Amino acid sequence: MAIVDVTVIPVGTQTPSVSAYVADIQKVLMGYEEKGQIRFQLTPMNTIIEGELPVLFEVIQAMHEVPFEKGLVRVCTNIRIDDRRDISRKMEDKVERVVSQLESR
């Protein structure tokens, strides 16, 4: 199970706001989550997705395509992958581990 941090940046929009693009991307993610293929979390600056790496690459491509489908001609997508294979961890596990370190100090 991998965890991916994805930021899709629509370039050349009519306004500084990109919330409509973000909402459409979230709808794509909801479809994958409804099928049980991923889990995801929207943050103020990006989206965190959890799942099997081959599926995550498919999901990232689907996310990347959304602004093009809305008429834009340029999109930049940033991706960070955390793929740990010795143990299985979820997004919440990583956060809880840090919190426990803070509490033990």
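Start with the whole chain and colour it by accessibility. Of its 105 residues, 30% count as buried. Keep in mind that this is a predicted model. Turn the C-alpha trace along its principal axes: the chain spans about 50 × 30 × 20 Å.

**Secondary structure**

Switch to a cartoon view. You will find three helices and four strands. Follow the chain along the sequence, and the pattern reads β-α-β-β-α-β-α.

Now select residues 4-98. UniProt, in an unreviewed entry, lists this stretch as "domain: Thiamine-binding protein". Over residues 4-98 the chain is 43% helix and 28% strand. Mark the C-alpha atoms at the two ends of this stretch: 18 Å lies between them.

**The largest pocket**

Next, show the pockets and pick the largest. Its volume is about 280 Å³. The lining is made by 16 residues, and those closest to the pocket centre are T7, V8, V22, M45 and N46. Select these five as sticks. Then colour β1 (2-11) and α1 (19-34), the elements that give two or more residues to the lining of this pocket. Which element gives the largest share of the lining? It is β1, with five residues.

**From α1 to β3**

Stay with helix α1 and select Q26, which lies in it. Is Q26 buried or exposed? Q26 has 7% relative accessibility, so it counts as buried, the cut-off being under 20%.

Now add T47. This residue is found in strand β3, which covers residues 47-51. T47 is at 5% relative accessibility, so it too falls under the 20% cut-off and counts as buried. Show both side chains and draw a distance. A polar contact of 3.1 Å joins Q26 and T47. This contact links a residue of helix α1 with a residue of strand β3.

**The loop before β3**

Step back along the sequence to T43. This residue lies in the loop between β2 (38-42) and β3. T43 has a relative accessible area of 23%, so it counts as partly exposed, a class that runs between 20% and 50%. Which side chain does the side chain of T43 contact? Select N46: a polar contact of 2.4 Å joins the two side chains. You have met N46 already, among the residues closest to the centre of the largest pocket.

**The loop before α3**

Move on to D86. Look for this residue in the loop between β4 (74-82) and α3 (91-103). D86 has a relative accessible area of 56%, so it counts as exposed, the cut-off being over 50%. Add R84 to the selection. The side chains of D86 and R84 make a polar contact of 2.6 Å.

**Charges over rings**

Finish with the rings. How many aromatic pairs does the structure hold? The number is zero. Two lysines are still worth a look here.

- Select K35 and Y32. The charged end of K35 sits over the ring of Y32, at 5.4 Å from the ring centre.
- Select K70 and Y21. The charged end of K70 sits over the ring of Y21, at 5.3 Å from the ring centre.

**Selections to keep**

Save three pairs for a second look. Q26 and T47 share a polar contact of 3.1 Å. T43 and N46 are joined at 2.4 Å. D86 and R84 are in contact at 2.6 Å.

Methods. Residues are numbered from 1 along each chain as its sequence is written. This is a predicted model: local features need pLDDT of at least 70, side-chain atom pairs count only at pLDDT 80 or more; totals for chains, interfaces and linings use all residues. Side-chain values use heavy atoms; hydrogens and water are left out. Buried means under 20% relative accessible area, exposed over 50%, partly exposed in between (1.4 Å probe, protein chains only). A polar contact is a pair of N or O atoms within 3.5 Å; within protein, one must be able to donate a hydrogen and the other to accept it, and residues adjacent in sequence count only if both atoms are side-chain atoms. Rings of Phe, Tyr and Trp (its six-membered ring) pair if their centres lie within 6.5 Å; planes under 30 degrees apart count as stacked, over 60 as edge-to-face and the rest as tilted. A charge sits over a ring if NZ of Lys or CZ of Arg is within 6 Å of the ring centre and within 35 degrees of the ring normal. UniProt positions are given in the numbering used here, feature names are shortened, and annotations may be inferred rather than shown by experiment. On a 1 Å grid over the protein atoms alone, a cavity is a set of points where a 1.4 Å probe fits but cannot get out, and a pocket is an open set with protein on both sides within 12 Å along at least five of seven lines; lining residues have an atom within 4 Å of a point. Grid points are joined across faces, edges and corners, and a volume is the space filled by probe spheres set on the points.
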